[in-house]
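This report describes how cysteines are paired and how far they are shielded from solvent-sized probes. The structure comes next, followed by the text.

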Amino acid sequence: MGLLRIMMPPKLQLLAVVAFAVAMLFLENQIQKLEESRSKLERAIARHEVREIEQRHTMDGPRQDVALDEEDDMVIIYNRVPKTASTSFTNIAYDLCAKNKYHVLHINTTKNNPVMSLQDQVRFVKNITAWKEMKPGFYHGHISYLDFAKFGVKKKPIYINVIRDPIERLVSYYYFLRFGDDYRPGLRRRKQGDKKTFDECVAEGGSDCAPEKLWLQIPFFCGHSSECWNVGSRWAMDQAKYNLINEYFLVGVTEELEDFIMLLEAALPRFFRGATELYRTGKKSHLRKTTEKKLPTKQTIAKLQQSDIWKMENEFYEFALEQFQFIRAHAVREKDGDLYILAQNFFYEKIYPKSN
């Protein structure tokens, strides 16, 4: 007799499809409204927290005319590159700020745009340099390097950063946009619902895995010049290298994050005292992991490595890695497989004139 089938009239089928489409559009709209409301709430909370801190300092007495100690008049900017273990590292700063007595502030730019408008650059520089209530301060956010000297600032902030193997960074970012991570698992991601693997994307020539998407770490270090964001610019890479050497206090690599933290603790204990132990033992430090990430095949990697953009980004990564390892080699010693920070290795002598 065959299977009994209940067939809907064509008009009802069409109505059902239209109703489903309308319902999906309505849900998408509601989700977008909720995300906008959440963003507004976060900004309102941030403004309230700032006012509370300023009021607290006002009750303690005005500080405008009080000269800060050298260590207290210190600002660190961590202009974090996406998907380089930046959240893991920033969690350490948050965990230590109360104990080590400094402030942590997130630089939340609209749509995570790493390039600030000229007027926002002026505001940001003014905030960083004149906001005594927030000193010592640790600022972090997805923004490209900004040269404070252009604005007539005499005491510039201390820049630090971490970079990652460019293909590994792109793969992590690709899956993050689709599946998120275990830090905020319930948050809806931009590409949620797209099940295509990174390998499939590369094989099909997709835009989300194109070599142009590798161009990120160079412009983050290059800065706010238009040429920095010109994909494949040799000038941008040279400028990024120059800034890394001359404008950054220390740049680590994701693959050796613990050593980066150890060096920061030794050199800047005002902020990072206790950071190494916290990283080794704390749960937050290892919290954020991209969900559903699948490692690319050798064929996929080989295809990306054929592009000039990969060659430039990889050259910059290798340059940063060599510099980091050079600094580490002169700051630590190895014993039984573990690294130990060297004690002070210089002293003063032959001091004249002699005191009576």
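A residue is called buried when its relative accessible area is under 20%, exposed when it is over 50%, and partly exposed in between, using a 1.4 Å probe and protein chains only. The model is a predicted one, in which local features need pLDDT of at least 70 and side-chain atom pairs count only at pLDDT 80 or more, whereas totals for chains, interfaces and linings use all residues. Residues are numbered from 1 along each chain as its sequence is written, and side-chain values use heavy atoms, with hydrogens and water left out.

A disulfide is a covalent bond between the sulfur atoms of two cysteines; here the term is applied to a pair of cysteine sulfur atoms within 2.5 Å. Searching the whole structure on that basis gives 2 disulfides, and, with bonded cysteines counted along the chain, their pattern is 1-2, 3-4.

| Disulfide | S to S distance | Angle about the S-S bond |
|---|---|---|
| Cys201 and Cys209 | 2.2 Å | -95° |
| Cys222 and Cys228 | 2.0 Å | -65° |

The link of Cys201 and Cys209 is left-handed, and the link of Cys222 and Cys228 is left-handed as well.

Turning to accessibility, Cys201 counts as buried because its relative accessibility is 4%, and its partner Cys209 is buried with a relative accessible area of 3%. In the other disulfide, Cys222 is buried at 5% relative accessibility, while Cys228, at 0%, also counts as buried. Cys97 has a relative accessible area of 17%, and is therefore buried.
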